Amino acid sequence: MLLAIETSCDETSVAVLDGRSICSNVLLSQIRHHQRYGGVVPELASRLHAECIDGLIHDALQDAGVGLQDLTHIAVTVGPGLEGALLVGITAANTLAACLGIPVVPVNHLHGHVYAVEQECPLTFPCLICLASGGHTMIIHMPAPLTFDLVANTMDDACGECFDKVARMLGLGYPGGPAIETLAKSGTANIAFPHPIKHQANAFSFSGLKTAVMTTINQDQHAHEDIAASVQHRIATVLSHKLSLAMASHPVDHVVLCGGVFANAAIRAHICDELDGHSVHIPPIKLCTDNAAMIGLAANHCIEQGLVRNDYLHCHPQLGLNRPEYL
Ligand code: KG4
Ligand code: ZN
């Protein structure tokens with residue numbers, strides 16, 4: 001039985017897992033505290049995590065119907081993320097593990113997003129992953145468990161960041177993705193926004209799209225609903241086109257879509273249509289955005305490979321995709 005902790009950004013979350021089975025997954029979002037600032041304020045995030053982490057650990061154990069004595073491992077996100085925010089979760093994990101005399105499992109947040117899909121069934125290899133979140137936009141080739149080869153990465157903004165910035169330009173709240181998805185439902189994708197670096201297989205770029213949206217808003221000739229629908233459509237086509245380029249160089253049967261942006265139903269549907277004939281795996285919506293259950297699902301594989309520690313873990317705010325950085 002494993003307890004997992006996630007505090008890398010603005011959600012405090014604790015989960016209890018028994019293998020791939022999620023016994024509890026409690027989450028407290030800080031969004032309403034950050035909304036008035038238009039984005040996440042790191043210092044505020046750390047303080048809010050510290051205030052509620054003990055209570056959430058208690059709730060997660062209670063929801064799962066287990067006690068501390070039932071735990072065999074404590075898993076925690078060690079990076080990438082906000083340093084002060086990560087430290088709260090890591091300190092809680094180090095302390096619990098030391099008191100209980102059990103190992104800690106350092107988990108890379110990006111691996112958590114990928115393994116979120118295992119709530120339904122184990123990954124099949126080789127597979128291609130499209131990870132689109134607030135901080136990352138990547139296509140990854142996975143030939144084996146915990147083996148990540150980066151195929152494409154963003155040159156500038158992340159995909160979720162593009163949603164958040166466009167939403168701010170349109171006067172919508174933070175986070176922008178859900179707000180744009182809602183507005184887009186009453187609009188038509190009738191504006192042909194640019195498709196930057198369309199033929200480059202190893203890179204994404206979203207900053208030009210953001211500028212084009214700004215120019216369109218300033219021209220004041222289009223309804224905001226149509227702008228929202230058009231930018232959402234363009235992001236869906238950028239992701240699906242880049243995936244098709246990756247599939248040409250890395251032929252696979254299985255494709256995984258993960259990260260907060262894939263909470264978007266229109267984007268999920270568009271890519272599933274485009275990849276007709278392939279097995280497309282997407283975590284349920286509540287496991288697309290940040291949560292501790294996905295950290296526990298990734299931790300299962302770290303445990304399987306002996307990637308656990310009996311001493312204190314450290315914080316790795318800039319952690320990359322590959323795990324040797326924290327071993
Ligand atoms: O994966 P995530 O929860 O956190 C990071 O690791 O960054 O992703 C958050 C990002 C935000 O940029 C948010 O605007 C975006 O995911 N997002 C969405 C939707 N829900 C969240 N983007 C598009 N449509 C959504 N429904
Ligand atoms: Zn995330």
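Domain bounds, as used here, come from an automatic or database domain assignment. With that in mind, the shell around ligand 1 in this predicted model draws at least three residues from each of two domains: domain 1, which covers 2-114 + 288-326, and domain 2, which covers 124-282.

A good place to begin is the ligand's surroundings. In total, 20 residues surround ligand 1, and the closest of them are His113, Gly134, Asp164, Glu181 and Gly260. Sorted by chemical character, the shell around ligand 1 holds eleven polar residues, six nonpolar residues and three charged residues. Ligand 1 itself sits in the largest pocket. Three elements give two or more residues each to the shell: helix 4 (109-115), helix 5 (159-169) and helix 6 (176-184). Of the contributions to this shell, the largest share comes from helix 6, with four residues.

Looking at individual atoms adds detail to the picture. Two glycines take part through their backbones: a backbone N or O atom of glycine 134 lies 2.8 Å from an oxygen atom of ligand 1, and a backbone N or O atom of glycine 260 lies 3.0 Å from an oxygen atom of the ligand. Histidine 109 takes part through its side chain, where an N or O atom is 3.2 Å from an oxygen atom of ligand 1. Taken alone, ligand 1 exposes 550 Å², and the protein buries 88% of that area.

The backbone of the chain also has some features worth a visit. Glycine 79 and proline 80 are joined by a cis peptide bond, with omega of about -10°. Proline 80 belongs to the loop between strand 4 (73-79) and helix 3 (83-100). Another cis peptide bond runs from phenylalanine 125 to proline 126, and here omega is near -5°. Proline 126 is placed in the loop that runs between helix 4 and strand 6 (127-132).

Isoleucine 197 rounds off the tour. Although isoleucine 197 is not a glycine, its phi is positive, at about 35°. This residue is found in the loop between helix 6 and strand 9 (203-204).

Notes. Residues numbered from 1 in each chain as written. Chains lettered and ligands numbered in written order. Predicted model: local features only at pLDDT ≥ 70, side-chain atom pairs only at ≥ 80, totals over all residues. Heavy atoms only, no water. Near = heavy atom within 4 Å. Polar contact = N/O pair within 3.5 Å; in protein donor to acceptor, adjacent residues only side chain to side chain. Areas by Shrake-Rupley, 256 points an atom, 1.4 Å probe, with all protein chains shown as cover. 1 Å grid on protein atoms, 1.4 Å probe; cavity = no way out; pocket = protein on both sides within 12 Å on 5 of 7 lines; lining within 4 Å. Sits in = over half its atoms within 2 Å of the grid points. Nonpolar A, V, L, I, M, F, W, Y, C, P; charged D, E, K, R; others polar.
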